[in-house]
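Please look at the chain below and keep it in view while reading. The questions that follow go through its charged pairs, its cysteines and its overall form.

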Amino acid sequence: QVQLVESGGGSVQAGGSLRLSCIGSGFTYSSRCLAWFRQAPGKEREGVATITASGASTRYADSVRARFTISRDNAKNTVYLQMNSLKPEDTAMYYCAAAWSNPYCSYPPKVADFGYWGQGTQVTVSS
């Protein structure tokens, strides 16, 4: 059974930090592009960061570049999102996603390119 399970969300004040984790199981995690998306109420799901299968290449949305860092540990089937200098506009449900099979990531990331999704973890940033 394919599963992606996120953790690490919560409520913080502006300027604070959170680290999201996502553990995968039931499929070949290490051979796929991984991504973090987020979706705020009333808005479309947007790609936040991507990382290739090897971890050698990462890409970020302009809104989070220099504040967020994506990384992965293929031995642990885990992808992380370190979020620093959080802003109220970062408030959203955050989802991790694994590509259907591609080890490389498209940019900007498209929802349709990712076949495996977690249930989401809520991040709330207060001013």
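Q: How many salt bridges does a search of the whole structure find?
A: This is a predicted model, in which local features need pLDDT of at least 70 and side-chain atom pairs count only at pLDDT 80 or more, while totals for chains, interfaces and linings use all residues. Residues are numbered from 1 along each chain as its sequence is written, and side-chain values use heavy atoms, with hydrogens and water left out. A salt bridge here is a side-chain nitrogen of Lys or Arg within 4 Å of a carboxyl oxygen of Asp or Glu. By that rule, the number found in the whole structure is four.

Q: Which residue forms a salt bridge with Arg 38?
A: Arg 38 belongs to strand S4, which covers residues 34-39; strands (E, at least two residues) and helices (H or I, at least four) are DSSP runs numbered from the N terminus. In this salt bridge the closest N and O atoms are 2.6 Å apart, and the partner of Arg 38 is Glu 46.

Q: Is Arg 38 buried or exposed?
A: The terms rest on relative accessible area, found with a 1.4 Å probe and protein chains only: buried means under 20%, exposed over 50%, and partly exposed in between. Its partner Glu 46, at 33% relative accessibility, counts as partly exposed. Arg 38 has a relative accessible area of 6%, so this residue is buried.

Q: With which side chain does the side chain of Arg 38 make a polar contact of 3.4 Å?
A: A polar contact is a pair of N or O atoms within 3.5 Å; within protein, one must be able to donate a hydrogen and the other to accept it, and residues adjacent in sequence count only if both atoms are side-chain atoms. One such contact of the Arg 38 side chain, at 2.6 Å, is with the side chain of Glu 46. The contact at 3.4 Å is with the side chain of Ser 63.

Q: Where do Asp 90 and Arg 67 lie, and how many residues apart in sequence are the parts that the pair ties together?
A: Asp 90 forms a salt bridge with Arg 67, with 2.8 Å between the closest N and O atoms. Asp 90 is in the loop between strand S8 (78-83) and S9, whereas Arg 67 is in the loop between strand S6 (58-60) and strand S7 (68-73), so the parts tied together are 23 residues apart in sequence.

Q: Which residues are linked in a network of salt bridges?
A: Both Asp 90 and Arg 67 are buried. Their pair does not stand alone, for the linked residues are Arg 38, Glu 46, Arg 67 and Asp 90.

Q: Is Asp 62 buried or exposed?
A: Asp 62 forms a salt bridge with Arg 65, the closest N and O atoms being 2.6 Å apart. Arg 65 counts as partly exposed because its relative accessibility is 42%. Asp 62 has a relative accessible area of 62%, so this residue is exposed.

Q: How many residues apart are Cys 22 and Cys 96?
A: A disulfide is counted when two cysteine sulfur atoms lie within 2.5 Å, and the search of the whole structure finds two disulfides. In one of them, the sulfur atoms of Cys 22 and Cys 96 are 1.9 Å apart. This pair links distant parts of the chain, with Cys 22 in strand S3 (residues 18-25) and Cys 96 in strand S9 (residues 92-99), and their separation is 74 residues.

Q: Why is the disulfide of Cys 33 and Cys 105 called right-handed, and what is its torsion?
A: Cys 33 and Cys 105 form a disulfide with sulfur atoms 2.1 Å apart. The pair joins the loop between S3 and S4, which holds Cys 33, to the loop between S9 and strand S10 (114-117), which holds Cys 105. The disulfide is right-handed because the torsion about its S-S bond is about 115°.

Q: How many helices and strands does the chain have?
A: From the N terminus on, the elements run β-β-β-β-β-β-β-β-β-β-β. The secondary structure therefore comes, under the DSSP rule, to zero helices and eleven strands.

Q: What percentage of the residues of the chain count as buried?
A: The C-alpha atoms fill a box of roughly 40 × 25 × 25 Å along the principal axes. Of the 127 residues, the buried part is 43%.
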